[in-house]
Amino acid sequence: MTYEEGLAWIHDQLKFGIKPGIERMKWLLNELGNPQEKVKGIHVVGTNGKGSTVNYLQAMFTEAGYEVGTFTSPYIMDFRERIALNGEMISKDDLLHLLSRVKPLAERLPSETGYEPATEFEIITTMMFLYFGQVHPVDIAIIEAGLGGLYDSTNIFNPLAVICTSIGLDHQTILGQTYEEIAAQKVGVLKDKVPFVFAENRMDVKTVFYKKANEMNSQTFELGRDFEVSGHSRAFNFTGQGFKLEKLTLKMRGQHQVTNASLALMTAFLLQEKYPKLTEGVIRNALAKASWLGRIELLEDNLMIDGAHNNESIAVLVALLKKEFAEKNIHILFSAIDTKPIQGMIEQLATVGELTLTTFNYPNAVSLEHYPSAYPKVANFKEWLNTYKSSEEDLYVITGSLYFISQVRQFLLDK
């Protein structure tokens, strides 16, 4: 089996859709000797901010000299980004080796168990646990949940800590219609006596969090109560658990990144006894260098891409544009998939600049005719990019689905 054949087989499993539940995961991992039981890791859940928070943690632990595994989704440029080692995606040979062990099990699963076939996400998650727990053991793995938490395929190991970055109304047909229902799904990954680190303003969500933490005898660490940050991404201060760091800087812009970084900082300090090489100097250097593909990423001085794919992440992008680029003429290109609250996202973006809508090559990308007629449209993002010019007065922003951003980024880099 070549790498291309293996990747095609993995992608072909997308036909089995999304199936919440961990029964199939338990069977697959049991057949492999339960490698997840050997994984020392941090579990990151939430609606927005998971990827950035994972990235801050990876940067800090790697800078300290530890062997660090990460599991994220979706990928931006290459499928292998999803399983990475010290910030570098795994090799094609390693991915093929993992697949050679998991694929036969996935093919046996329906006939031997009566379960439905494993999904693409279940297969790649199984490969990740096999890699970090058995094939290439790491000092720490930072694992991002795929969808929700309680019934997510990643909810199959006992973490050192759980982080919840945010709660928003996303994937409501699967996770629930209210903030409380979605919060219960996210915090459902919490295990007995595992510390829980989170940032949340809504009282209804906090009630769900504290109730679950109390049931699990878990210590809670809430931003604004147990640790605090002040300042902005160019210079912020962190205080918590007896630690005080001043004038920290982030490469990634935006107040939301200060929040994400603070969650990573609090978790790192909680684990410092187990990982003593996490010194202040290491942390400073790591935060100043950490970046994340497709998240408020400037490909040119005045060309930004950002995978803002729901109302909450669009609100964050809009706030950043209003605060840091208010003097610019802002030109925005937007495209999304059809499971998102399109109208609200569009209305927010229209408040900060000249908005154009487009579509892209993806199974459930919103087609042009299904967008509101009040806004300009282009059939292809390449047509809009022809209007781009290097200018101090203009800022060009491409945003929406991460699948869309991935295609745009690939095109721009190739060009």
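These legends accompany close-up views of a predicted model.

**Figure 1. Overall view of the predicted protein chain.**
The protein chain carries 14 helices and 16 strands. Its C-alpha atoms occupy a box of roughly 55 × 55 × 40 Å along the principal axes. For 415 residues, a compact globule would have a radius of gyration near 22 Å. The chain has 21 Å, which agrees. Buried residues make up 56% of the 415. Among contacts between residues at least 6 apart in sequence, 71% join residues at least 24 apart. The exposed surface comes to about 17300 Å². Carbon and sulfur atoms supply 49% of that surface.

**Figure 2. Strand 16 and its cover.**
Strand 16 spans residues 394–400. Seven of its seven residues are buried, so the strand is largely enclosed by the rest of the structure. Both faces are covered. One side presents Asp394, Tyr396, Ile398 and Gly400. The other side presents Leu395, Val397 and Thr399. The residues on both sides are all buried. For this assignment, buried means under 20% relative accessible area.

**Figure 3. Strand 16 beside strand 13 and strand 14.**
Strand 13 covers residues 303–306. Strand 13 pairs with strand 16 in the parallel sense, over four bridges. Strand 14 covers residues 329–335. Strand 14 also pairs with strand 16 in the parallel sense, here over seven bridges. Tyr396 of strand 16 is a useful landmark for reading both pairings. Leu303 stands opposite Tyr396. His331 stands opposite Tyr396 as well. Tyr396 itself is among the buried residues of strand 16.

**Figure 4. The buried salt bridge between Glu120 and Arg82.**
The structure holds 16 salt bridges, and this view shows one of them. The side chains of Glu120 and Arg82 meet at 3.6 Å, N to O. Glu120 lies in helix 5, residues 120–135. Arg82 lies in the loop between strand 2 (68–71) and strand 3 (83–85). The two partners are 38 residues apart in sequence, so the pair ties together separate parts of the chain. Glu120 is buried, with a relative accessible area of 9%. Arg82 is buried too, at 6%.

**Figure 5. A salt bridge within helix 8, between Lys211 and Glu215.**
The Lys211 and Glu215 side chains meet at 2.8 Å, N to O. Both residues belong to helix 8, which runs over residues 203–215. Lys211 and Glu215 are four residues apart, so about one helical turn separates them. Lys211 is exposed, with a relative accessible area of 52%. Glu215 counts as partly exposed, at 44%. The cut-off for exposed is over 50%, so the two partners fall into separate classes.

**Figure 6. Sequence neighbours Arg225 and Asp226, and a salt-bridge network.**
Arg225 forms a salt bridge with Asp226. Their closest N and O atoms are 2.9 Å apart. Arg225 is partly exposed, at 46% relative accessibility. Asp226 is partly exposed as well, with a relative accessible area of 25%. Elsewhere, salt bridges that share partners join Glu31, Arg108 and Glu112 into one network.

**Figure 7. The cis peptide bond from Ser73 to Pro74.**
Most peptide bonds are trans. The bond from Ser73 to Pro74 is cis, with omega near -10°. Pro74 lies in the loop between strand 2 and strand 3. Arg82, shown in Figure 4, lies in the loop between strand 2 and strand 3 too.

**Figure 8. Positive phi at Asn86.**
Most residues other than glycine have a negative phi. Asn86 is not a glycine, yet its phi is positive, about 55°. Asn86 lies in the loop between strand 3 and strand 4 (88–89). Asn86 counts as partly exposed, at 25% relative accessibility.

**Figure 9. Positive phi at Asn217.**
Asn217 is a residue other than glycine with a positive phi, near 55°. Asn217 lies in the loop between helix 8 and strand 8 (220–222). Helix 8 also holds the Lys211 and Glu215 pair of Figure 5. Asn217 is partly exposed, with a relative accessible area of 49%.

Definitions and conventions: Residues numbered from 1 in each chain as written. Predicted model: local features only at pLDDT ≥ 70, side-chain atom pairs only at ≥ 80, totals over all residues. Heavy atoms only, no water. Salt bridge = Lys/Arg side-chain N within 4 Å of Asp/Glu carboxyl O. Helix = DSSP H or I, 4+ residues; strand = E, 2+ residues; numbered from the N terminus. Buried < 20%, exposed > 50% of the residue type's maximum accessible area, 1.4 Å probe, protein only. Pairing = 2+ DSSP bridges. Rg over C-alpha atoms; globule rule 2.2 N^0.38 Å. Contact = heavy atoms within 4.5 Å. Areas by Shrake-Rupley, 256 points an atom, 1.4 Å probe, with all protein chains shown as cover.
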